[in-house]
Amino acid sequence: METSTTYIGTNKLITGIVFGVITFWLFAQAMVNVVPAVQSDLGITYGTLNIAISLTALFSGLFIVAAGGIADKIGRKKITYVGLVLSVIGSLCLVFAQGATLLIIGRVIQGISAACIMPATIALMKAYFEGKERQRALSYWSIGSWGGSGVCSFAGGAIATYLGWKWIFIFSIVFALLAMWLIKDTPESKVEGNGAFKFDYSGLAIFAVTMIALNVVITFGSDLGWTSPITIILAIVTIVGAIVFFRVEKGKKIALIDFNLFKNKPYAGATYSNFLLNAIAGTLVVANTYVQIGRGFTAFQSGMLSIGYLIVVLAMIRVGEKILQRVGAKAPMVWGTIITTVGVGLMGLTFLPGFSYTIAVFVGFVLFGLGLGIYATPSTDTSVSNSPSDKVGEAAGVYKMASSLGSAIGVAISATVYSSVAATGNIEMAASVGIIVNVIFGILSLISIVIMVPNDAGKPIEVNTKNAFRMPKKATN
């Protein structure tokens, strides 16, 4: 049961949430673009810096579901504030870093910050907006999330070039403080509890071990060697951990992840397709690596090839919202996935000569952004509107974890395929095969939408306590 209030979400709340989401991208995406500057300034090895960069994604993935579930129980605004405070602390660690210690501590804190901010802000969107207003709010959330990755990538490079890389995190602090001020008048939203707060600590422990093993395999598998004893042991730990986690959690009353969420086919379809469409991120690694090594592009030139993606994805997110309101979620999710997959396929046409391939890649990136922009809001709205009101934070955490895992796994698989084929000396073939892997991800995402998302998706339904579906009563949360 939800706490009740007559409060209705405002543009001020939306702006505050978007600023909060942008703080995540400022410290997540921008860091990737300033590696040489950070390495030179702090005097650390590339391996240490790579670990520091990966720690944010690792700790975000570890705690995002738990943070979403806790937000449902103790307060979504409260957990958003916790995330923003941690964002400030983590950014300060980086601003004052003189070596590896504060850098690593700051990145860990930033990962936990992201785990709090992402699901809690989605839950606030559902709590205080309904119908078309909720879809509009989620569009802006998507602009902060999907568009934020591109904006912060370019902004981070510009800030690092003209002001110094630490200024990125000063700006991140400013955005976090602004977000806290903008949402300060928002009432708390949480589930009314009966008795003392309970949490699934054993489930979190099993999940943490499994996720750490998986992330180490994904991030460092190529360095350790995919057939090395350490990689094989970690892969076994991941598989066994996942099986144990599923079996232990399935029978619990207080569980870290309620697997009954996936009995709701629209929610499951949105989450699976989100995982698979994020796996297409491997295209970015393969295409950018190939145009630099195989076609002689500079890093700046390869970056400019994707500027069309940035512009189009920002422009199309609101369009996806309007399509959702007219025809429901399934059509824009299907067409968005098809357009994205076609765009990725164009980048695999490495047999094209010189300028022709450059055009193919540029158009491919534009279609990539066009498809994702159309897909973003309908997918997020489908997951949110099909989440039970007392578990929306947890459900949002699972949905966002699918994004992170999909991206990490997609990049790892694509990079491994590319490097394996490139070892034979055929760079063009390596790029084509690496990108074909991502086309397969797109096709699988499309299949999950077609099979699991109904034509009338977009109408909010809930799971009651007996796991039966019903139309909810109109009420403020």
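**Phe362**

I looked up Phe362 and got a relative accessibility of 34%, so Phe362 counts as partly exposed. My scale: buried is under 20% relative accessible area, exposed is over 50%, and partly exposed is in between (1.4 Å probe, protein chains only). Phe362 sits in helix α15, residues 354-385. Helices here are DSSP runs of H or I with at least four residues, strands are E runs with at least two, and numbering goes from the N terminus. Leaving aside neighbours within four places in sequence, I found Phe362 in contact with Met304, Leu305, Ile307 and Gly308; contact means heavy atoms within 4.5 Å. Met304 is 58 residues from Phe362 along the chain, yet their C-alpha atoms are separated by 8.8 Å.

**A note on the model**

This is a predicted model, where local features need pLDDT of at least 70, side-chain atom pairs count only at pLDDT 80 or more, and totals for chains, interfaces and linings use all residues. Residues are numbered from 1 along each chain as its sequence is written, and side-chain values use heavy atoms, with hydrogens and water left out.

**The whole chain**

I noted 17 helices and two strands. The chain has 477 residues, and 55% of them count as buried. About 19600 Å² is exposed, with carbon and sulfur atoms supplying 70% of that; the areas come from the Shrake-Rupley method with a 1.4 Å probe, and for residues only the protein chains shown count as cover. Of the contacts with a separation of 6 or more, 83% are between residues 24 or more positions apart.

**The core**

Which residues have the most contacts inside the largest nonpolar core? I wrote down Met31, Leu103, Phe169, Leu256 and Phe368, in a core of 118 residues. Helix α5 (residues 100-128) gives the largest share of this core, 14 residues. A nonpolar core is a set of buried Ala, Val, Leu, Ile, Met, Phe, Trp, Tyr and Cys residues joined through side-chain atoms within 4.5 Å. I then checked Phe169: beyond its neighbours within four places in sequence, its contacts are Leu26, Phe27, Met31, Ser91, Leu94, Val95 and Gln110.

**Salt bridges**

I counted seven salt bridges in the structure, each a side-chain nitrogen of Lys or Arg within 4 Å of a carboxyl oxygen of Asp or Glu. Asp381 pairs with Arg134, with the closest N and O atoms 2.9 Å apart. Asp381 lies in helix α15 and Arg134 in helix α6 (residues 131-162), so this pair ties together parts that are 247 residues apart in sequence. Buried or exposed, these two? Both Asp381 and Arg134 are buried.

Next I tried Lys12 and Asp185, whose side chains meet in a salt bridge at 3.4 Å, N to O. Lys12 is in helix α1 (residues 11-32) and Asp185 is in the loop between α7 (166-182) and α8 (201-224), 173 residues apart. Asp185 is exposed at 51%, while Lys12 is partly exposed at 31%. Lys184 also bridges to Asp185, at 3.4 Å, N to O. That links Lys12, Lys184 and Asp185 in a network of salt bridges.

**Cysteines**

How many disulfides does the structure hold? I found zero; the cut-off is a pair of cysteine sulfur atoms within 2.5 Å. I also looked up two cysteines: Cys93 is buried at 12%, and Cys116 is buried at 8%.
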